[in-house]
Amino acid sequence: MRAAVANYGSLSSNDESIPDEHRLYAEKILKMDPLEDVQANVSGPGGARPMKLKASGLPSDLSAEVYRRLERMPTMPHEEREKHESNIVAEVLKERRGALRSITGVRPDSLPFHTEQANIAMQVRGLYEKRNSLQRDIDRVKDVRKSEDPETGEVVAEPIYWLSDTKRANFADQVVDIERQVRLLVNEDGTYGIEGLKRVRKALAESAAQLHRLDLQRAEEAEAKKRSAEINRDARINRRAEAYARMSRDEIK
């Protein structure tokens, strides 16, 4: 299973929770690339001001990859190495954008649909981290003792675990429950589980409604500007007409 959801499962713009007038917007949202078309919650390279990217600021798995690539490069002056490190960090970030979204999330002004996608990915990642921590404790061995197999008489190494049998059983139950929670959010093939699909469906309907609202506001704003121009034009004409009328009255007198 992956923390970054790979596709939209059975999501559709024809979902019954989406009104007819919103479906074109829902279809547009579903066609958006979640990485290319949606901004992350952190700024990467290429902004207004160049910045030096450091491996030390990355999660351990990503920083390790940066250091591995740096080690393959020839010896060079410190400043030159810093420049290469920044470039390699940018490369690794680009390659791992999907996984990084499960850490950084998306911008606060993103559509509810993309925000929910990121929230689910972050939640799954957190569950995996908790599960892995529990499993490490379950498997942790503090010593090994030799014992004789009663059936074969063979001497075997028997691990003495760090945790008691009761504690290990409790942790194992927690691992099972965490895996159940993950399956509710995402399936093994990367599609959404029951709970995950329910959440993104709701967020898709909210996002489509939001885009529809924005289009109405833009249309109203454009109409208001058009009418304001007409009102100003009428006001100018009225002022000139009044001026002509005054001139005419003066001529009559």
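## From strand β2 to a helix pair

E158 touches D143, V144, R145 and S147, leaving aside residues up to four places away in sequence. That is one spot in a predicted model. Start there and work outward.

E158 is found in strand β2. Is E158 buried or exposed? Neither label fits fully. E158 has a relative accessible area of 29%. Buried would need under 20%, and exposed over 50%. E158 is therefore partly exposed. Now take E148. E158 and E148 are ten residues apart in sequence. In space, their C-alpha atoms are 9.4 Å apart.

V156 also has its place in strand β2, which covers residues 155–161. Which residues does V156 touch? They are R145, K146 and S147, again not counting residues up to four places away in sequence. R145 and S147 also appear among the contacts of E158. V156 has a relative accessible area of 31%. With the limits for partly exposed at 20% and 50%, V156 is therefore partly exposed as well. V144 is twelve residues from V156 in sequence. From C-alpha to C-alpha, V156 and V144 are 9.8 Å apart.

Now step back to the whole chain. How many helices and strands does the protein chain have? There are seven helices and two strands. From the N terminus on, the order is α-α-α-α-α-β-β-α-α. The two strands thus follow five helices and precede two more.

Next, look at the helices on either side of the strands. Helix α5 spans residues 112–139, and helix α6 spans residues 165–185. Two packed helices are described by the angle between their axes and the distance between the axes. For α5 and α6, the angle is about 160 degrees, and the axes lie 9 Å apart. An angle over 145 degrees counts as roughly antiparallel, so α5 is roughly antiparallel to α6. Their crossing is left-handed.

Which residues make the contact? From α5 come I120, Q123, V124, L127, Y128, K130, R131, L134, Q135, D137 and I138. From α6 come R168, F171, A172, Q174, V175, I178, E179, Q181, V182 and L185. Sorted by type, the residues of this contact are twelve nonpolar, four polar and five charged.

Last, the totals. The protein chain has 253 residues, and 28% of them count as buried. Its accessible surface comes to about 17,500 Å². Carbon and sulfur atoms hold 50% of that surface. Finally, consider contacts between residues at least 6 apart in sequence. Of these, 64% join residues at least 24 apart.

Methods: Residues are numbered from 1 along each chain as its sequence is written. This is a predicted model: local features need pLDDT of at least 70, side-chain atom pairs count only at pLDDT 80 or more; totals for chains, interfaces and linings use all residues. Side-chain values use heavy atoms; hydrogens and water are left out. Axes are lines fitted to C-alpha atoms, for helices over the stretch in contact, and angles run from 0 to 180 degrees between N-to-C directions. Helices (H or I, at least four residues) and strands (E, at least two) are DSSP runs, numbered from the N terminus. Angles under 35 degrees count as roughly parallel, over 145 as roughly antiparallel, 65 to 115 as roughly perpendicular and the rest as oblique. A crossing is left-handed if the near helix is turned anticlockwise from the far one by less than a right angle, and right-handed if clockwise. Contact means heavy atoms within 4.5 Å. Ala, Val, Leu, Ile, Met, Phe, Trp, Tyr, Cys and Pro count as nonpolar, Asp, Glu, Lys and Arg as charged, and the others, Gly among them, as polar. Buried means under 20% relative accessible area, exposed over 50%, partly exposed in between (1.4 Å probe, protein chains only). Accessible areas come from the Shrake-Rupley method with a 1.4 Å probe; for residues, only the protein chains shown count as cover.
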